[in-house]
Structures are given as structure tokens and as C-alpha cells.
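Please find below a note on the structure, set out in numbered points for discussion. Each point may be read alongside the sequence and the coordinates.

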Amino acid sequence: MALGGKAGSRLAVALGLRTSQSALLRLVHRLPLSPLAPVRVLVVEDWAWRKGRRWGTILCDLERGKVVDLLPGRSAGGLAHWLGEHPGVEVVSRDRGGA
């Protein structure tokens with residue numbers, strides 16, 4: 001689950017299982033999401049879905065070291081909406097990007 005389809009497919013072959021990258025990713029996408037614990041310290045970082053073409057925002061819980069959410073753009077409005085839905089955030093760390 002942590003490394004995605006290609007690494008999982010190589011591991012499956014080593015274990016004597018036949019499967020494809022796509023099949024493994026479909027299984028991962030069907031897994032239920034664990035409930036989100038309240039986030040106190042949030043890291044906000046821009047990242048590329050497609051380098052130079054499509055950008056998003058990744059939100060991480062700094063205390064737990066886990067990805068909390070992926071936002072489809074890098075606008076301040078999207079982040080403000082997310083923060084409005086998660087009032088427990090006390091500290092926000094953000095890069096110095098222009099967006």
C-alpha cells in the first residue's frame with residue numbers, strides 16, 4: 001500500500017502471486033479510510049500532479065507524520081475551506097511559495 005502498484009506487483013511476483021499493478025491499486029482504493037484524528041500541527045505544501053501543468057496541495061499532520069488530505073488546487077480559498085472544517089488546527093507551517 002505504501003509504495004503503490006509497481007512495487008507491490010514486484011513483491012507479489014517474489015511471493016509467487018500473479019497480479020498486475022492496476023489490480024493492486026484498485027484493491028488499495030477500495031480499502032476503507034481510517035477516521036481522521038484531530039490535527040493540531042498542520043504542514044501545507046504545494047506539489048505537482050503533473051509537473052508544470054497541474055498542481056495540488058498536500059496537507060500533513062506534523063506530529064503524526066501522516067498525510068491528512070490532498071486538495072485539488074493551490075488556492076488560499078481551498079485551504080481556508082479545509083481549515084474551517086477542521087477547527088482543531090493550532091499551528092500551520094507553509095512554504096514560501098507565491099501561490
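1. In this predicted model, D61 is in contact with P38, V39, V41, K66 and V68, when neighbours within four places in sequence are left aside. D61 itself belongs to strand β2, which covers residues 54-61. Is D61 buried or exposed? D61 counts as buried because its relative accessible area is 3%, where the cut-off for buried is under 20%.

2. The side chain of D61 also takes part in polar pairings. One of its polar atoms lies 3.0 Å from the backbone nitrogen of E63. In addition, the side chains of D61 and R64 make a polar contact at 2.4 Å. The student should note that D61 is a buried residue and that its side chain nevertheless has a polar contact with the side chain of R64.

3. Two of the residues touched by D61, V39 and V68, bring the reader to the largest nonpolar core. Which residues make up this core? The nine members are V39, L42, V44, L59, V68, L71, L79, W82 and V89. At least two of these residues are supplied by each of β1 (41-50), β3 (66-71) and α3 (76-85).

4. Within the core, W82 deserves separate attention. W82 lies in helix α3, and it is classed as buried because its relative accessible area is 3%. Beyond residues up to four places away in sequence, W82 touches L42, L59, V68, D69, L71 and V89. By way of contrast, L24 stands 30 Å from W82, C-alpha to C-alpha, with 58 residues of sequence separating the two.

5. L79 is another member of the core. Its contacts, leaving aside neighbours within four places in sequence, are V44, L59, L71 and R94. Of these, R94 returns in point 8, where it pairs with D46 in a salt bridge.

6. How many salt bridges does a search of the whole structure find? The search finds four. One of them joins the side chains of R40 and E63, at 2.8 Å from N to O. This pair links distant parts of the chain, with R40 in the loop between α2 and β1, E63 in the loop between β2 and β3, and their positions 23 residues apart. R40 is partly exposed, at a relative accessible area of 35%, and E63 is likewise partly exposed, at 47%.

7. R40 forms a salt bridge with E90 as well, and the closest N and O atoms are 3.2 Å apart. Because R40 lies in the loop between α2 and β1 and E90 in the loop between α3 and β4 (91-94), the pair ties together parts that are 50 residues apart in sequence. E90 is classed as exposed, with a relative accessible area of 58%. Taken together, R40, E63 and E90 are linked in a network of salt bridges.

8. A further salt bridge is found between the side chains of D46 and R94, at 3.5 Å from N to O. Here too the pair links distant parts of the chain: D46 is in strand β1 and R94 in strand β4, 48 residues apart. D46 is buried, with a relative accessible area of 12%, whereas R94 is partly exposed, with 33%.

9. Attention now turns to the helices α1 and α2. In helix α1 (residues 5-14), the buried residues are G5, A7, S9 and A12. What covers these residues includes α2 (21-30). As a general rule, residues three or four places apart in an α-helix point the same way, because the helix has 3.6 residues a turn. The student may wish to compare this rule with the positions of G5, A7, S9 and A12 in α1.

10. After α1 comes G16, which has a positive phi, near 85°. L15 lies in the loop between α1 and α2. Is L15 buried or exposed? L15 is exposed, because its relative accessible area is 59%, and the cut-off for exposed is over 50%. L15 joins L11 and L17 in a nonpolar patch on the surface, and the three have about 320 Å² of accessible area together. A reader tracing the nonpolar residues will thus find L15 in a surface patch and W82 in the largest nonpolar core.

Note on methods. Residues numbered from 1 in each chain as written. Predicted model: local features only at pLDDT ≥ 70, side-chain atom pairs only at ≥ 80, totals over all residues. Heavy atoms only, no water. Core = buried A, V, L, I, M, F, W, Y, C linked by side-chain atoms within 4.5 Å. Buried < 20%, exposed > 50% of the residue type's maximum accessible area, 1.4 Å probe, protein only. Helix = DSSP H or I, 4+ residues; strand = E, 2+ residues; numbered from the N terminus. Contact = heavy atoms within 4.5 Å. Polar contact = N/O pair within 3.5 Å; in protein donor to acceptor, adjacent residues only side chain to side chain. Patch = residues over 30% accessible without salt bridge, like charges linked within 9 Å, V, L, I, M, F, W, Y side chains within 5 Å. Areas by Shrake-Rupley, 256 points an atom, 1.4 Å probe, with all protein chains shown as cover.
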